[in-house]
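Work through the exercises below with the model open beside you. Try each task before reading its solution.

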Amino acid sequence: MSLPRLLAGLGVPGATTLASHEAVHGDLPLDRARRSGRLPAAGSLVDEIRLSGLRGRGGAGFPLATKLTSVAAGRGRPIVVVNGCEGEPASEKDRVLLERVPHLVIDGATACARALDAERIFYAIDADNAAARWALESAIAERPDAGRRGSSSSASGVVGIPAGYVSGQETAVVNFINGGRPLPSTTPPMVFERGVSRRPTLVTNAETVAQVGLIARYGAEWFREIGTDQEPGSALVSVSGGVLDPGVLEVELGASVDSLLAGAGGTAGRPRAFLFGGYGGGWVDGSQASGLAISERSLRQAGGMLGPGVVVVLPESACPVTETVLVAGWLERESAGQCGPCVHGLAAIAGALRSIADGRAEPDAMGHLARWSRLVTGRGACGHPDGAARFVTSALRVFAAEFADHAAFGRCPACARIPVLPLPSRLAVAA
Amino acid sequence: MEVRVDPIACKAHGLCAELLPERVSLDEWGYPIIDGRPVPRELEALARRAADVCPTLALALVRRA
């Protein structure tokens, strides 16, 4: 089986039903073994995941087997949290999985829960995503042993996490499930040590568990048939901006950026630059993207990252300075407001960027921006300031000419164009 | 041993930088920048005092991981 893997069920009518899901993928080998009375050893799935080399697909790229082992070593019966929160504005992959192939996500979560003997599975989704909630709840109700008392399956439920860029961060999700506000916490303790109800908690991205749903069926060897040695398998990539056919594409890791763009209908005009990894990722000059591969290794070498699988093409018609200003302002407002360096640093950065765009910056604004970006990195409870600094630093490097031009002459004709980088609607009251 | 700051608890009182300038400086907003080098034995008493007097208990002297 080549591609599609995760999205194999998409062409099938009624793909969200259990019957059509099993018609595409068959039932879970674990379900089969349990029906025949032969329960496989709980450790075997973790071994299979280790052999597969599967890494988390939420952005951090942590090896899933290591996370599972850490959770299993904790004290108390574990909890599984599937993180389907998608605060990244240009990302759509998690909602595609939750809404279109919910049974594959549930398969993977159930397999992880069994391997850990977990007590409960939480599906954390964006609170305003009614379609994902409907798809997941319908799918859960359809499962053979859903909600049956005394069944060997873990109880499960859907939790809507209030919108926000940092509210999908793992400690924020755990805090909200525990009855608190969806804000990040200082670590340690890590959630695998002490998470939901102070239990060892596996928090893992929706795509990661969907991949587990496939590994549980087809095995590690199959998983590694595509992808690179370091980064095996497939990945979902949300492609938007200056392409003719934007959307979520499943690609082999290590595939060329050119093939990804071709899959998205090709670029609309000449790209000025590519944003790899979302608003915590980095810009790569348009002339340098050809020859790069869709992998963490290749994209990081070029100054971007794969992260949560987000690629935005910035066409030459856009103003990169205004795009950077708008996103930096949003990142400032999305700070949870808990850590001083993030609150003050991101405000200073966003303010200096605005002053450059308007042509009223103080002489050393670029120097200040570089210094503040270094200064906020590593000094928050979560990675928000680090990601914002990475985004801004890469913009200053790739768009150095445009920034110099704005600093000298102010707004350009393209500043007034409709922005390419998507941002959630701002809810505010005019005074 | 090393000093660590809980960035959420920290409210920029700045006592740590007064008491332990060898390992803590302040940024332009008054928040501590921690020098990650180990705290030598002769500085341990000062570091412990800096942790004890932090009004929000944001500073900790911990064993190096």
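The exercises go from the whole chain to one sheet, then to the helices and the second chain. Keep in mind that this is a predicted model.

**Exercise 1. The overall build of chain A**

Task: Find how many helices and strands chain A has, and decide whether its radius of gyration agrees with that of a compact globule.

Solution:
- Start with the elements. Chain A holds 16 helices and nine strands.
- Next, take the extent. The C-alpha trace of chain A spans about 75 × 45 × 40 Å along its principal axes.
- Now compare. A compact globule of 431 residues would have a radius of gyration near 22 Å, and chain A has 22 Å, so the two agree.
- Look inside. Of the 431 residues in chain A, 54% are buried.
- Finish with the contacts. Among contacts in chain A with a separation of 6 or more, 71% join residues 24 or more positions apart.

**Exercise 2. The order of a sheet**

Task: Work out the strand order of the open sheet of four strands in chain A, and say which strands are at its edges.

Solution:
- Begin with strand E1 (residues 79-84) of chain A. Six bridges join E1(A) to strand E2 (residues 120-126) of chain A, and the two run parallel. As one example, Gly84(A) is opposite Ile125(A) of E2(A).
- Turn to strand E4 (residues 201-205) of chain A. Five bridges link E4(A) with E1(A), again in parallel. Here Val81(A) has Val203(A) as its bridge partner.
- Step out from E2(A). Seven bridges join E2(A) to E3(A), which run parallel. Ala124(A) has Val159(A) of E3(A) as its bridge partner.
- Put the pairs together. The order is E3-E2-E1-E4 (chain A), with parallel pairing.
- Name the edges. Strand E3 (155-161) and E4 of chain A each pair on one side only.
- Add the twist. From one strand to the next, it averages 20°.

**Exercise 3. The setting of E1**

Task: Why is E1(A) largely enclosed by the rest of the structure?

Solution:
- Recall the pattern. Side chains in a regular strand alternate between the two faces of the sheet.
- Check one side. Ile79(A), Val81(A) and Asn83(A) are buried there.
- Check the other side. Val80(A), Val82(A) and Gly84(A) are buried too.
- Conclude. Six of the six residues of E1(A) are buried, so the strand is largely enclosed.
- Look for helices across the sheet. H6(A) lies across E1, E2 and E4 of chain A, at about 155° to E1(A). Helix H8 (residues 170-177) of chain A lies across E1, E2, E3 and E4 of chain A, at about 120° to E1(A).

**Exercise 4. Two packed helices**

Task: Describe how H6(A) and H9(A) pack, giving the angle and the distance between their axes.

Solution:
- Take the geometry. Helix H6 (residues 102-116) and helix H9 (residues 206-223) of chain A pack at about 80°, with axes 7 Å apart.
- Classify the angle. Angles of 65 to 115 degrees count as roughly perpendicular, and H6(A) and H9(A) are therefore roughly perpendicular to each other.
- Find the residues. H6(A) contributes several, including Leu104(A), Ala109(A) and Cys112(A), while those of H9(A) include Val209(A), Gly213(A) and Ala216(A).
- Sort them. The contact has 10 nonpolar residues, three polar and one charged.

**Exercise 5. The second chain**

Task: How many residues of chain B are in contact with chain A, and what kinds are they?

Solution:
- Count. Eight residues of chain B contact 10 residues of chain A.
- Sort the chain B side. Six are nonpolar, none is polar and two are charged.

How values were computed:
Residues are numbered from 1 along each chain as its sequence is written. Chains are lettered from A and ligands numbered from 1 in the order in which they are written. This is a predicted model: local features need pLDDT of at least 70, side-chain atom pairs count only at pLDDT 80 or more; totals for chains, interfaces and linings use all residues. A residue is buried if 20 or more other C-beta atoms lie within 10 Å of its own, exposed if 12 or fewer, and partly exposed in between; C-beta atoms are placed from the backbone. Two strands pair if DSSP finds at least two bridges between them. Two residues are in contact if their C-beta atoms, placed from the backbone, lie within 7 Å. Ala, Val, Leu, Ile, Met, Phe, Trp, Tyr, Cys and Pro count as nonpolar, Asp, Glu, Lys and Arg as charged, and the others, Gly among them, as polar. The radius of gyration is taken over C-alpha atoms; the globule rule is 2.2 Å times the number of residues to the power 0.38. Axes are lines fitted to C-alpha atoms, for helices over the stretch in contact, and angles run from 0 to 180 degrees between N-to-C directions. Angles under 35 degrees count as roughly parallel, over 145 as roughly antiparallel, 65 to 115 as roughly perpendicular and the rest as oblique.
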